[in-house]
Amino acid sequence: MSLPKLVVILGPTACGKSGLGVALAKKYGGEIVSADSRQVYRGLDLGTGKITPQEMEGVPHHLLDVADPGEQYSVARFQPMAYEAIDGILSRGKLPFLVGGTGLYVRSVAEGYVFHEAPPDPALRSELEALPTEALRDRLTAAGVELDADCYNNRPRLVRLIEKRQNGEDPHAEAERDPRYDVLTLGVSYPRETVCRRINRRLLARLDAGMIEEVANLRKNGVSDEFLEGLGLEYRYILHHLTGEIPTEEALIQELGRAIKRFAKRQVSWFKKDNDVHWLDMEADPIAEASRLMEHFWG
């Protein structure tokens with residue numbers, strides 16, 4: 001019996017995943033499931049690049065704004081919610097699109113990861129959570145654990161990887177899989193120089209739109225600095241600006257811009273490991289190219 005169809009759109013930050021997803025969903029009568037580990041949080045809008053209602057152009061989007069800031073949210077929580085959203089889309093006779101840049105979230109659904117989570121060790125977790133993020137990374141890399149782009153600054157994920165090693169689990173071991181969908185994976189990317197220019201433009205636009213004020217309001221409304229630090233990138237660097245560690249907005253733009261570009265480079269390296277991705281030429285006609293691939297996919 002054939003599996004139901006799922007189209008995945010992935011790629012590094014600032015490369016047009018959301019816009020392509022909306023265009024294809026409109027063309028083929030689809031709905032979109034977001035696969036972004038930060039866009040699940042309410043109120044984290046400008047800093048995460050969350051698509052706006054206007055940009056959705058009437059296309060239903062799922063798994064945005066499903067958790068409160070400060071709440072623990074992981075791939076093990078995301079996957080069943082994504083399955084439920086995708087199955088709901090299929091039941092309505094629509095085509096589901098899984099769109100996002102969090103590689104682990106995407107793969108957990110597209111490849112059907114089976115999770116066998118050992119219970120955390122409270123004493124070990126308390127010890128690890130007291131360590132700075134860099135120390136957590138050093139502990140893993142010293143043990144030969146390769147870190148993907150998504151977990152590089154993700155404290156809960158780093159802590160969990162260390163816990164798994166302590167439990168005798170191999171972080172590099174192939175995850176058990178039980179695929180639920182027949183998947184076509186489309187990748188979006190640009191040459192490195194173009195990505196950097198797009199990141200620069202987007203960063204300035206978000207700052208003009210009030211990204212610093214967004215972070216200040218989150219703090220004012222009780223979101224902890226520890227949580228914001230753990231989100232990385234925009235939230236971490238703006239927090240450092242608000243607390244005086246980064247003294248000027250000009251310095252913030254420079255430091256944050258460099259950090260986002262490093263993150264995009266790690267994302268590219270992570271996604272390029274997957275040989276099943278059809279990389280679109282984003283400087284040509286990606287919608288036409290994606291449409292040809294989708295029509296062949298349907299047979």
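Two strands are said to pair if DSSP finds at least two bridges between them. This definition underlies the tour of the sheet that follows.

**The whole chain**

Begin with the complete model, which is predicted. Display it as a cartoon: the protein has 13 helices and six strands. Its radius of gyration is 19 Å, close to the 19 Å that the globule rule gives for 299 residues, so the protein is as compact as a globular protein of that length. Rotating the C-alpha trace onto its principal axes shows spans of about 55 × 45 × 35 Å.

Next, switch on the molecular surface. The accessible surface amounts to about 14400 Å², and carbon and sulfur atoms contribute 49% of it. Of the 299 residues, 49% are buried. If contacts are drawn for pairs with a separation of 6 or more, 75% of them join residues 24 or more positions apart. Colouring by charge brings out 38 positive and 46 negative side chains, with the centres of the two sets 2 Å apart.

**The sheet**

Now select the strands alone. In what order do the six strands form the open sheet? The order is β3-β2-β4-β1-β5-β6, and the pairing is parallel. At the edges are β3, residues 61-62, and β6, residues 277-281, each of which pairs on one side only.

**Strand β1 and its two partners**

Select residues 5-10, which make up strand β1. Five of the six residues of β1 are buried, so this strand is largely enclosed by the rest of the structure.

Add residues 182-189, strand β5, to the selection; β1 and β5 pair in the parallel sense over six bridges. Two positions are worth labelling here. Val 7 has Leu 184 of β5 as its bridge partner, and Ile 9 stands opposite Leu 186 in the same strand, β5. In a regular strand the side chains alternate between the two faces of the sheet.

Then add residues 95-99, strand β4, which runs parallel to β1 and is joined to it by three bridges. Keep Ile 9 labelled: its bridge partner in β4 is Val 99. Ile 9 thus serves as a landmark on both sides, with Leu 186 in β5 and Val 99 in β4.

**The loop after β3**

Move to the loop between β3 and α3, where α3 covers residues 75-91, and select Leu 63. Most residues other than glycine have a negative phi. Leu 63, although not a glycine, has a positive phi of about 65°. Is its side of the loop buried or exposed, judged by the relative accessible area of Leu 63? Leu 63 is buried, at 9%.

Select Asp 65 next, which is found in the loop between β3 and α3 as well. Asp 65 is also a residue other than glycine with a positive phi, near 60°. Its relative accessible area is 33%, and Asp 65 is therefore partly exposed.

**A histidine in helix α11**

Finish at helix α11, residues 233-242, and select His 241 within it. The relative accessible area of His 241 is 17%; buried means under 20%, so this residue counts as buried. Which residues surround it, once neighbours within four places in sequence are left aside? Show Ile 212, Ile 246, Pro 247, Thr 248, Glu 249 and Leu 252: His 241 is in contact with each of these residues.

Note on methods: Residues numbered from 1 in each chain as written. Predicted model: local features only at pLDDT ≥ 70, side-chain atom pairs only at ≥ 80, totals over all residues. Heavy atoms only, no water. Helix = DSSP H or I, 4+ residues; strand = E, 2+ residues; numbered from the N terminus. Rg over C-alpha atoms; globule rule 2.2 N^0.38 Å. Buried < 20%, exposed > 50% of the residue type's maximum accessible area, 1.4 Å probe, protein only. Contact = heavy atoms within 4.5 Å. Areas by Shrake-Rupley, 256 points an atom, 1.4 Å probe, with all protein chains shown as cover. Lys, Arg positive; Asp, Glu negative; His and termini not counted. Charge placed at Lys NZ, Arg CZ, Asp CG, Glu CD.
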